[in-house]
Amino acid sequence: MYVCVCQAVTENEVHACIAAGASSAREIRDSTGAGRDCATCVRKICAMLKRSKELVATA
Ligand code: FES
């Protein structure tokens, strides 16, 4: 499923980016392009980052 329609970035790509060490929406934007256009997806990317941090904290 696409997270960023403008740049055609999928949820899997964002997850892979987080797994590779990205810790901010800016880092994800720089490596995938998501959020570079209309920025509608930034909220969703932030939610994905927050959730991954919560999962790490509870692991
Ligand atoms: S949906 Fe990501 S920049 Fe527009």
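At what angle do the axes of helix α1 and helix α2 cross? The tour below reaches that pair of helices after a view of the whole chain.

**The whole chain**

Begin by displaying the entire protein chain, bearing in mind that this is a predicted model. Its secondary structure consists of 3 helices and 2 strands. Followed from the N terminus, the elements appear in the order β-β-α-α-α. Along the principal axes, the C-alpha atoms occupy a box of roughly 35 × 20 × 20 Å. The radius of gyration is 11 Å, which agrees with the value near 10 Å that a compact globule of 59 residues would have.

Colouring by burial is a useful next view. Of the 59 residues, 24% count as buried. Contacts may be displayed as well: among those in the protein chain with a separation of 6 or more, 41% are between residues 24 or more positions apart.

**Helices α1 and α2**

Select residues 11-19, which form helix α1, together with residues 25-32, which form helix α2. The two axes cross at roughly 115° and come within 10 Å. Both values matter to the description, because two packed helices are described by the angle between their axes and the distance between the axes. The crossing of α1 and α2 is right-handed.

Next, show the side chains where α1 and α2 meet. Helix α1 contributes Glu13, Val14 and Cys17 to the contact, while helix α2 contributes Ile28, Ser31 and Thr32. By character, the residues of this contact comprise 3 nonpolar, 2 polar and 1 charged.

**The annotated span**

Now select residues 2-50. An unreviewed UniProt entry annotates this span as "domain: BFD-like [2Fe-2S]-binding". In the model, residues 2-50 are 53% helix and 10% strand. The C-alpha atoms at the two ends of the span lie 18 Å apart.

**Methionine 48**

Finally, centre the view on methionine 48, which belongs to helix α3, residues 42-58. Is this residue buried, partly exposed or exposed? Methionine 48 counts as partly exposed because it has 19 C-beta neighbours inside 10 Å, whereas a buried residue requires 20 or more.

Which residues does methionine 48 touch, leaving aside those up to four places away in sequence? They are Val14 and Ile18. Val14 has already appeared on this tour, as one of the α1 residues in the contact with α2.

As a last step, select valine 3 alongside methionine 48. These residues are 45 residues apart along the chain, and their C-alpha atoms are separated by 10.0 Å.

Notes
Residues numbered from 1 in each chain as written. Predicted model: local features only at pLDDT ≥ 70, side-chain atom pairs only at ≥ 80, totals over all residues. Helix = DSSP H or I, 4+ residues; strand = E, 2+ residues; numbered from the N terminus. Rg over C-alpha atoms; globule rule 2.2 N^0.38 Å. Buried ≥ 20, exposed ≤ 12 C-beta atoms within 10 Å, placed from the backbone. Contact = placed C-beta atoms within 7 Å. Axes fitted to C-alpha atoms, helices over the stretch in contact; angles between N-to-C directions. Left-handed = near helix turned anticlockwise from the far one by under 90°. Nonpolar A, V, L, I, M, F, W, Y, C, P; charged D, E, K, R; others polar. UniProt positions renumbered as here; feature names shortened; annotations may be inferred.
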